[in-house]
Amino acid sequence: MNKIEPSFRPGGKLAKLESVYDGMETFLFTPNATSKSGVHIHDGNDLKRTMITVVVALLPALLFGMYNIGYQHYLAIGQANTGWFTMFLYGLLAMLPVIVVSYVVGLGIEFISAQIHHKEIQEGFLVTGILIPLIVPINTPLWMTAVATAFAVIFAKEVFGGTGMNIFNVALITRAFLFFAYPSRMSGDEAFVKVDSALGMGDGTVVDVFTGATPLGQVATNVGDSLHMTNVLGEPINTLDAFIGYIPGSPGETSMIAILIGAAILLLTGIASWRIMCSVFVGGLGMAALVHALPSAAYPASMLDPMTQLCLGGFAFGAVFMATDPVTGARTKLGQYIYGLLIGVFAILIRVYNSGYPEGMMLAILLMNAFAPLIDHCVVSSNIKRRARRAAIKE
Amino acid sequence: MATVRLKKGFDIHLVGAIADKNITLSSAPQSVAIVPDDFHGVIPRMEKKEGEHVAAGEPLYHDKNYEAIKVVAPVSGTIREVLRGERRHIDAIIIAPDQSHDATTLDLKRPAEEVLLASGLWAMMRQRPYDVVPVPGVQPRDVFVTAFDSAPLAPDLDLVLGDNRQYIAKGVEVLNGLTSGKVYIGIREGQSIDAPGAVVNTFVGPHPAGNAGVQAANTVPVNKGETVWTLDIITLARIGELFTTGKVSHDTVVAVDGEMVQQPRYVKTVIGADLETVLKNELTNVARSRIISGNVLTGVKVEPNQWLRAPYRHITIIPENNVPDEFMGWASLNPKRFSIYRTFTTWLGGLRKPVSMDSRIKGGERAIVRTGEYDAMLPMDIYGEFLIKAIISGDIDKMEQLGIYEIAPEDFALAEFADTSKLELQRIVREGLDKLRAEMS
């Protein structure tokens, strides 16, 4: 690396790729820079380590997501007794292009932006790039994902100043862009279960009874006084299926177990705020219990019992991986409780009482992203007032 | 007498601690120097020229704005050189000591403030707000004296104090005459001190419990418009000695420790002594060492041909870069890669074992991403992160409201160590304080 360095510095042949070179060098080798001012020793942790730990926490959800894509696929084509490895392989092949597109588009923009500003490439997109394939429905055309990723990275992140400066969660903006720009591809029968072959694997004809709607989608269109949730073959499913994750949905969101493993990693390493994570669940559970106490056929989701409510859709995934994004969330301790509670409450509120949006988590988090600075402002103001009062008493 | 328990903060245990409490006597220094940057807030105007003779305790320079503030020579000798840097900034005043032992005696019948200013001890104190040498004529609300140093590998101030503890009572008496309030002394658990006239508080908890500013914030915090003085117990004893004998002692005991020191020990020498004399046998692996006058958090990097800086009773020598070109350090599972966070595996082995740390930053500078990191390292009723942001954006009203008057750069040193985003917090705080001070004057 040191040999080729000069050609990347200003004046060198490849000076236009200086940021890329720096990015690669700091990725491969811990910088040799020693402190010039201030403290002489530094903690070993840096943002790279922090981000990579989040990626590790996402792996269980990613791996299960791949398996579940295959599982749903083979269920749909009437080959339910296919081996688990084949199912996983199919899911892997189905997801790989999405992951590649997400990283290539996102990182490409980050590289260009870093070079324009002559800054080091920052690692924020490491996490965003893996979050996007996990929350975008598997049947979304790749060009849509590319456009949405580009939109989110440019308008939700780079215009605000890059990593650490954004107001809204970048991955959720990608999802929201898709949701509002191409609504027909984001819900219904065709979005969540991949029925055609993935890179030449898993050919088959879809069985006649097939229905690809997610449980929440089914709930939203439910008619009558009792709920009917079915799997892709029309067989009834229960909360345990949702907990393990054998249901249609975005790749990362279906398995509560995989998400909880991720949550354990985030909490154990201290990266995610347990205050936010717990209060989202508390807020969601409380609101779900409230709406369940007042069930109504006009709002079918109110008939879901609270535990099922939390296991379905993106609630758990959002609570664990999205709401806890420190950049876009509340930063004060008290603020984090309020922020989390309101996300939980709004998510269920939107789900139940707005039939246009069977999934409320995305909008709830984006809404609270906007309010997080206000919450913090109020909390910090109380500190300011306390200090002013102290000074006043003295006089 | 109260006991204050502080939970926030962290004790970094480094290898190279002093095991032997004996004090070695250093030989007479080859050269002695005063570095004006150590007296923040004083703009030097020289009183002596190169080649002139000075007695110990005789002023070398005074402040441009307050002529009464003097910085004095620690030894008698001839001024060998006034080192100047850019724009004639004085980098150091070097004295070639002679063996005449001339020393200035001060007339103790003058008002105490005048005596303190003339003795050079005034310049050894600091004031809040702004963490600068106190402005003469402003009566402090209170005086805060810390009797212990909680920084990594810090010297035991009781040992440094030695026989001079007899002067503490006199020092308290003098400062009580100068403040409208009280003299507070902060001690650690198990320490005892005989200081009639002072309010002695015990502080239990990790570093930065030994910072005078942290002690003030947890007893009687500084409000806007108020001034308090901060100093350590060594300076207090020196003040007591001055008002007992009429002379200031510039001798000091220095802890020499750290991983690169072969035999960590206490050395008795004089303020400003040259490191070649003080470190005689330790300068074997200079290329791989970083010599710090002070501790690893707040000290100053010095070269082997430079001097012990006036405010410090501590020299730490740590490795400069232990692992050049560490491959993918961010992915390391090595339990020896020290981190206080559980993203690394260090914590499994316990964080109290002494660790080896070099001076690498171990990451690039980033925007503030993780929450609560600064607050966990700052035992004050202050939102550290919001204050830092206010300083960076230059918002003077916000800085005031969020409590900038209560802090000094040293209070943020531990947060700077722990910061995942690797921001230079002490520099940011210093610039904020300077900006505010310029704005208010």
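This report describes a predicted model, with the emphasis on chain B and its contact with chain A.

## Basis

The model is predicted: local features need pLDDT of at least 70, side-chain atom pairs count only at pLDDT 80 or more, and totals for chains, interfaces and linings use all residues. Residues are numbered from 1 along each chain as its sequence is written, while chains are lettered from A and ligands numbered from 1 in the order in which they are written.

## Chain B overall

Chain B holds 11 helices and 19 strands. Both kinds of element are DSSP runs numbered from the N terminus: helices are H or I with at least four residues, and strands are E with at least two. Along the principal axes, the C-alpha atoms of chain B fill a box of roughly 65 × 50 × 50 Å. The radius of gyration of chain B is 21 Å, which agrees with the value near 22 Å for a compact globule of 441 residues. That radius is taken over C-alpha atoms, and the globule rule is 2.2 Å times the number of residues to the power 0.38.

Of the 441 residues in chain B, 54% count as buried. A residue is buried if 20 or more other C-beta atoms lie within 10 Å of its own, exposed if 12 or fewer, and partly exposed in between, with C-beta atoms placed from the backbone. Among contacts in chain B between residues at least 6 apart in sequence, 69% join residues at least 24 apart. Two residues are in contact if their C-beta atoms, placed from the backbone, lie within 7 Å.

## Strand β11 and its partners

Strand β11 (residues 142-146) of chain B is mostly covered, with five of its five residues buried. On one side these are D142(B), F144(B) and T146(B), and on the other V143(B) and V145(B), so both faces are covered.

β11(B) pairs in the parallel sense with β14 (residues 228-232) of chain B over five bridges; two strands pair if DSSP finds at least two bridges between them. Opposite V143(B) in β14(B) stands W229(B). β11(B) also pairs in the parallel sense with β12 (residues 183-188) of chain B, over four bridges. There, T146(B) has G186(B) as its bridge partner.

## A three-stranded sheet

Three strands of chain B form an open sheet in the order β4-β6-β7, with antiparallel pairing. Its edge strands, β4 (44-46) and β7 (70-72) of chain B, each pair on one side only. Neighbouring strands of this sheet are turned by 35 degrees against each other on average, direction ignored. The axes are lines fitted to C-alpha atoms, for helices over the stretch in contact, and angles run from 0 to 180 degrees between N-to-C directions.

Within the sheet, β6 (residues 59-63) of chain B is joined to β7(B) by three bridges, and the two run antiparallel. Y61(B) has V71(B) in β7(B) as its bridge partner.

## Backbone exceptions in chain B

Most residues other than glycine have a negative phi, and most peptide bonds are trans. The loop between β10 (126-128) and β11 of chain B contains P129(B), which is joined to R128(B) by a cis peptide bond with omega about 0 degrees. Y130(B) lies in the loop between β10 and β11 of chain B and has a positive phi near 85 degrees. Y130(B) is buried, with 24 other C-beta atoms within 10 Å.

A cis peptide bond also runs from H207(B) to P208(B), with omega near 10 degrees. P208(B) is in the loop between β13 (199-204) and α4 (212-217) of chain B. R88(B), in the loop between β8 (77-84) and β9 (90-97) of chain B, has a positive phi of about 55 degrees although it is not a glycine. R88(B) counts as exposed, with 7 C-beta neighbours inside 10 Å.

## Contact between the chains

The contact takes 60 residues from chain B and 47 residues from chain A. On the side of chain B that touches chain A, β17 (289-293), α8 (384-392), α10 (413-418) and α11 (425-440) of chain B each supply at least two residues. α10(B) gives the largest share, four residues.

By class, this side of chain B has 26 nonpolar, 16 polar and 18 charged residues. Ala, Val, Leu, Ile, Met, Phe, Trp, Tyr, Cys and Pro count as nonpolar, Asp, Glu, Lys and Arg as charged, and the others, Gly among them, as polar.
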